[in-house]
Amino acid sequence: MPAGTITAIRQQSNDPQRVNLFIDGAFALGISLNTLVRERLAVGVYLDEAGWERLVASEQADQALQKALRQIERRPRSIAEIRRYLQRKGFGEETCAQTIARLRELGLLDDADFASRWVANRRALRPRGARALRAELRQKGIAPAVIDAALAAEDDGLSESERAEAVARSVLPRYAGVADWVAFQRRLGGYLLRRGFAADLIRPLLSRLWQELHPGADELD
């Protein structure tokens, strides 16, 4: 951008939170009100090359912050999710780091809190095994130690086998009409596997449930 003096600042007609800057009578660029205030811009201020660099960096930082805030408004996010999102939007590493630091300072990004809420939500609304929860949180970029702490903090007092049985019984009515053991094992077992329960827990559980549904059935191998 050419050096010059700000001769006008006009609010944008389609966005009241942004303004257009005019340098020496010609339109220069649009910026947010946050950038305007932060950089103390006003009619009569002279912008040299260094001033332009600060202005552009400040506007980039504000855009990144606003985009990240909109993502967090939709649902809580992990630090890695926000970093990946900003990178996809074309922001540089320095801007990403500054944005994340600001959001953490505001208490809006906290991986420990995110992991704890994720585990609590899953166990309340979509129960699944610890293996599935770990995989989900790893995908969100949560560190293993933070995952361990979240699982321990949200312990519901059930063992993994008890949790698997609770999940199986919650959906058992939909499989009660399956008359073939192999089909029952494949369908209900597949359901439990997809929810992160280990195969060595599933097999004896399926055998016991099958015997309950079919008391006269032969002993299963």
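Here are five worked exercises on this predicted model, each a task followed by a stepwise solution.

**Exercise 1. The sheet**

Work out in which order the strands of the open sheet lie, and which of them are the edge strands.

*Solution.*
- Step 1: Start with β1, which spans residues 4-12 and pairs with β2 in the antiparallel sense over six bridges.
- Step 2: Move on to β2, which pairs with β3 (residues 26-32), also antiparallel and over six bridges.
- Step 3: Now go back to β1 and look for its pairing with β4: this is antiparallel too, over two bridges.
- Step 4: Put the pairs together, and the four strands form an open sheet in the order β3-β2-β1-β4. The edge strands are β3 and β4 (46-47), since each pairs on one side only.

If you would like the general background, strands of a sheet pair through backbone hydrogen bonds, either parallel or antiparallel.

**Exercise 2. Residue partners and hairpins**

Trace the bridge partners of Gln-11 and Val-19 across the sheet, then describe the links from β1 to β2 and from β2 to β3.

*Solution.*
- Step 1: Begin at Gln-11, whose bridge partner in β2 is Val-19.
- Step 2: Carry on from Val-19 to β3, where its bridge partner is Ile-31.
- Step 3: As a further check on the pairing with β2, find Arg-10, which stands opposite Asn-20.
- Step 4: For the pairing with β4, find Thr-5 opposite Tyr-46 and Gly-4 opposite Leu-47.
- Step 5: Turn to the links. A hairpin of two residues joins β1 to β2. Strands β2 and β3 also form a hairpin, again with two residues between them.

**Exercise 3. Positive phi values**

Which values of phi do Asp-24 and Arg-40 have, and are these residues buried or exposed?

*Solution.*
- Step 1: Place Asp-24 in the loop between β2 and β3. Its phi is near 50°, a positive value in a residue other than glycine.
- Step 2: Check the accessibility of Asp-24. Its relative accessible area is 52%, and the cut-off for exposed is over 50%, so Asp-24 is exposed.
- Step 3: Place Arg-40 in the loop between α1 and β4. Arg-40 is not a glycine either, yet has a positive phi of about 55°.
- Step 4: Apply the cut-off to Arg-40 as well: with a relative accessible area of 73%, Arg-40 is exposed.
- Step 5: For contrast, try Lys-89, in the loop between α3 (79-88) and α4. At 47% relative accessibility, Lys-89 counts as partly exposed. You can also place Lys-89 relative to Glu-165: the two are 76 residues apart in sequence and 44 Å apart in space, C-alpha to C-alpha.

**Exercise 4. Helix α4**

Compare the expected span of α4 with the distance between its end C-alpha atoms, and find how its buried residues are arranged.

*Solution.*
- Step 1: Take the 13 residues of α4 (residues 93-105); at 1.5 Å a residue, they should span 18 Å. The expected span uses one less than the number of residues.
- Step 2: Compare this with the model, where the end C-alpha atoms of α4 are 18 Å apart, which agrees.
- Step 3: List the buried residues of α4: Thr-95, Cys-96, Thr-99, Ile-100 and Leu-103.
- Step 4: Look down the axis of α4. The buried residues fall within an arc of 130°, so they line one face of the helix.
- Step 5: Turn to the other side of α4, where Glu-94, Arg-104 and Glu-105 are exposed.

**Exercise 5. The largest pocket**

What volume does the largest pocket have, and which element gives the most to its lining?

*Solution.*
- Step 1: Note the volume of the largest pocket, about 200 Å³.
- Step 2: Find the lining residues in the sequence: Asp-15, Gln-17, Arg-18, Ser-32, Leu-33, Asn-34, Asp-62, Gln-63, Gln-66, Lys-67 and Arg-70.
- Step 3: Assign them to elements. At least two lining residues come from each of β2 (15-23), α1 (33-38) and α2 (49-74), and α2 gives the most, with five residues.
- Step 4: Sort the lining by class, which yields one nonpolar, five polar and five charged residues.

Conventions: Residues are numbered from 1 along each chain as its sequence is written. This is a predicted model: local features need pLDDT of at least 70, side-chain atom pairs count only at pLDDT 80 or more; totals for chains, interfaces and linings use all residues. Side-chain values use heavy atoms; hydrogens and water are left out. On a 1 Å grid over the protein atoms alone, a cavity is a set of points where a 1.4 Å probe fits but cannot get out, and a pocket is an open set with protein on both sides within 12 Å along at least five of seven lines; lining residues have an atom within 4 Å of a point. Grid points are joined across faces, edges and corners, and a volume is the space filled by probe spheres set on the points. Ala, Val, Leu, Ile, Met, Phe, Trp, Tyr, Cys and Pro count as nonpolar, Asp, Glu, Lys and Arg as charged, and the others, Gly among them, as polar. Two strands pair if DSSP finds at least two bridges between them. Buried means under 20% relative accessible area, exposed over 50%, partly exposed in between (1.4 Å probe, protein chains only). The arc is that of the directions from the helix axis to the C-beta atoms.
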